[in-house]
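User: Please take me through some details of this model, one question at a time, with the reasoning behind each answer.

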2 protein chains.
Amino acid sequence: MTERVTDSFQDWLRDRVPERGLRPKAAALLEVLLSQPRRASFGAAAELAQLAGVNVATVTRTAQALGFAGWPALQQELRARYLSSLSAPQVAAEHSGAGSPSSRSLRRDLDSLALLNRRLDEGVLRTIAEAVAAAGRTVIVADGSYAAVGMALAHNARLAGYPVAAVTSGDAELANCVAAIGPGDVLIAISFWRLYESTVLAANEARARGVRVFALTDAASPALANAAEEVVMVPAEGVAFFPSLTAGMAVAQALVTQLASVDPARTSASIETAEGMWSKFGLLHRRPTPPAPADQHSDQPD
Amino acid sequence: MTERVTDSFQDWLRDRVPERGLRPKAAALLEVLLSQPRRASFGAAAELAQLAGVNVATVTRTAQALGFAGWPALQQELRARYLSSLSAPQVAAEHSGAGSPSSRSLRRDLDSLALLNRRLDEGVLRTIAEAVAAAGRTVIVADGSYAAVGMALAHNARLAGYPVAAVTSGDAELANCVAAIGPGDVLIAISFWRLYESTVLAANEARARGVRVFALTDAASPALANAAEEVVMVPAEGVAFFPSLTAGMAVAQALVTQLASVDPARTSASIETAEGMWSKFGLLHRRPTPPAPADQHSDQPD
DNA sequence: CACAAGTTGCAATATTCTTTGCACATTCTC
DNA sequence: GAGAATGTGCAAAGAATATTGCAACTTGTG
C-alpha cells in the first residue's frame, strides 16, 4: 500500500505534531494516517477511527491537536499531498502549503504536467509530427481559450518551416479553410473541457474529405475522438473554474520540438530565414545571441 | 487510437453509458467527470454539478442512470480507478523513447515549472491581479508566439468579468490601444527570449502616461523590466530553438485564478452570463450519443 | 397548434458524517 | 492511597450532503 509516497507526505505530517507529542490514541491514529495515506485521503473519520482502534471523536480531536479546524480540513491537506506524491514523487514541493489561489494553480499545473509526462505516448506525437511534416498543409482548429494553444503551435510550426495555420477567426473562416483542404493535408483539432460545435463539425467534415485528422483533448470528448486518427489526451483540470491550458501548451511545445527534428536541415534553414526577416523589419529590441539551431536538436535516438 | 492502461478510467466510465445514450445534461456532467477526475474523485455532488452547469439532482440521477445506487457509489468507483491510473503505468512511459525530442521537451517543461513553483513570489501575482481588478481596463501586449499567452490571459480574464484585451494585431492597433489608455489603467507586457521593439515602446509609453505597467518575461529582458512596476520572471528555455511557452502559460493561469478570487461574486456572475451566451449561440457541442455504429448522423447545431 | 413524453430545476426530505458536551476511566502527584 | 488532572468513549446536537417528489419547461408528434 505504501509506495514511495512516504517522504514529503510523512515528513510533512510529522512536522505538524506539537511540542508535547500526542496522546496515545492520537499517536495510534497518526500511524494509521501515515501508513494508509490512500484510505486517509478518502475515508470517513469513522473508518479511520475503527482502523486505529479509537473512537470517532478522537479523530476530530487529533485533527484539531495538529492545528486544523477538524477532520475535513486535515483530510483535504492529506489528499493534496498524497496525490502530489503519487503524480510527482520527484518534485516533492516543499512550500505546498495550500497558499494563495495562484500558487495552488501553479502546483496543480505541475501535477498535471507530471501526469502528462507519464501518460503520454510519444509515439503518437511522433506520428502527428511526421504527418504534419509530410502534409501539403496543416490546419489547426481551436476555439475559445484553446485558441491560444493552437496559435502557439501554428506559430512555432511555421517557424520550423511547415505550412501550418491556426483558424481562430470564427466559423466563416473555419468553413473556408476546411473547404480548402483535402487528401494529403492534416487537420489538428484542439479542444478541452467543453467542445465547440464548430470544432467537431470541422473535424468530421475534414475526415470525410480525406484529411488526416488528429485531436488534442482532455478525453471528455468522444465526438471528437471518433473523428480523429489519433487522440492526445491532456489533463486540463484547473483549480478554479477555468480549465488549465498549461498541459496543452506543453504538448504543443513537445509536438513542435518533435516536428523540428523530422527534418533538421529544413528547420534550420527556415529559422535562419525568419531571423533575417526579423532583422530587416526591425522587430527585435536588441540583437540576441545568434543561436545554433542545428546543434540544438541534432541528437535523436529514434 | 490509444489503448493505454491509463485510459481505463475513461473507457470504463464510458462503458457504463446505457444503450440509449444520456440526456444532454447528464452528458455534460459526464464530460466533467471524465475531464476532471481529481475533482470527480473528491468533490461533493454540488461542486461537480456547478462545474457542469447542471443541478445537483442531475448528479444523483446521472449516477443512477449509469447503474449506480447514487453519487457516492459512483464516486467510490471513480476514485479507485483514478488512483490506479495515477500509480500504475509509470514504468511504461519511462522507457518507450526516453530521448525523443518530444519527451525531452516535456521533461524540460516539467523542470521549468518546478523551478517556477519554487521561485515565484506569489505576492507579485496578487499585486497584479488586484491592479487588474481595480483598473478601468487592462491591455495585454504580447508579440510573436507569446501572443498565445496573452490571448489566453485576456480570454480568461474577460470570462472572470474584467475588461482585459490582448493586442496582437500588429503595431498600428498597438499604437491605438496605447493611446487610449491612461491613469487608472493597466498594461501587461509579455515577452520572452527576444524582445519585440514595439512591446518595449508600448510599455515605456504607457508608463509615461500614468498607466500601471507589469511585465512577464524571462531574465534576459532588462529593457522591459525597467519600464515595469513589477516583473514576473518565467523560465522559458526550451529544448529546441523555440522558447517554451509552458511556464508562461502556467503563470497566466495562476494570474487568472488569483484574479478570479479577488471578487468571487463578480466572477461567478460573469461566468454564468457567459455560459448563458454560449448556450444561446449554440457554441457547445452537446451530442450525448456517440456510440451508434451505423448511425452516421450529420451533426446539426441546435 | 396542441398534446404527450421526457427532461430539468427547485425545494423539502432523508441520510450520513462531524463535532462537542458529558461522564467514566486512567494516570500522575503529594 | 486519595485527589486532581488528563485522556477517552458514548451519544446527542449540528452541519453537510445526497435523494426524491413535484412542477415547469422543452421537444417531438399528430
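User: With which residues is B:Gln258 in contact, leaving aside its neighbours within four places in sequence?
Analyst: In this predicted model, B:Gln258 is part of helix α14 of chain B, which covers residues 246-262. Once the neighbours within four places in sequence are set aside, the contacts of B:Gln258 come from both chains, namely A:Ser100, A:Pro101 and A:Ser102 together with B:Leu125, B:Arg126 and B:Ala129.

User: Is B:Gln258 buried or exposed?
Analyst: The cut-off for the buried class is a relative accessible area under 20%. Because the relative accessibility of B:Gln258 is 5%, this residue counts as buried.

User: Which element gives the largest share of the surface near DNA strand C?
Analyst: A phosphate oxygen of DNA strand C lies 2.7 Å from an N or O atom in the side chain of A:Thr60, and a phosphate oxygen of the strand is also 3.1 Å from a polar side-chain atom of B:Thr58. The elements that give two or more residues to this surface are α4 (45-52), α5 (56-65) and α6 (71-87) in chain A, along with α2 (24-35) and α5 (56-65) in chain B. With five residues, the largest share comes from α5(A).

User: What percentage of the atoms of DNA strand C within 4 Å of the protein belong to sugar or phosphate?
Analyst: Strand C is surrounded by 20 residues, with A:Ala45, A:Thr60, A:Arg61, B:Lys25 and B:Arg61 the closest, and the residues of this surface divide into 10 nonpolar, six polar and four charged. Of the strand's atoms within 4 Å of the protein, the bases supply the rest, while the share belonging to sugar or phosphate is 72%.

Note on methods:
Residues numbered from 1 in each chain as written. Chains lettered and ligands numbered in written order. Predicted model: local features only at pLDDT ≥ 70, side-chain atom pairs only at ≥ 80, totals over all residues. Heavy atoms only, no water. Near = heavy atom within 4 Å. Polar contact = N/O pair within 3.5 Å; in protein donor to acceptor, adjacent residues only side chain to side chain. Helix = DSSP H or I, 4+ residues; strand = E, 2+ residues; numbered from the N terminus. Nonpolar A, V, L, I, M, F, W, Y, C, P; charged D, E, K, R; others polar. Buried < 20%, exposed > 50% of the residue type's maximum accessible area, 1.4 Å probe, protein only. Contact = heavy atoms within 4.5 Å.
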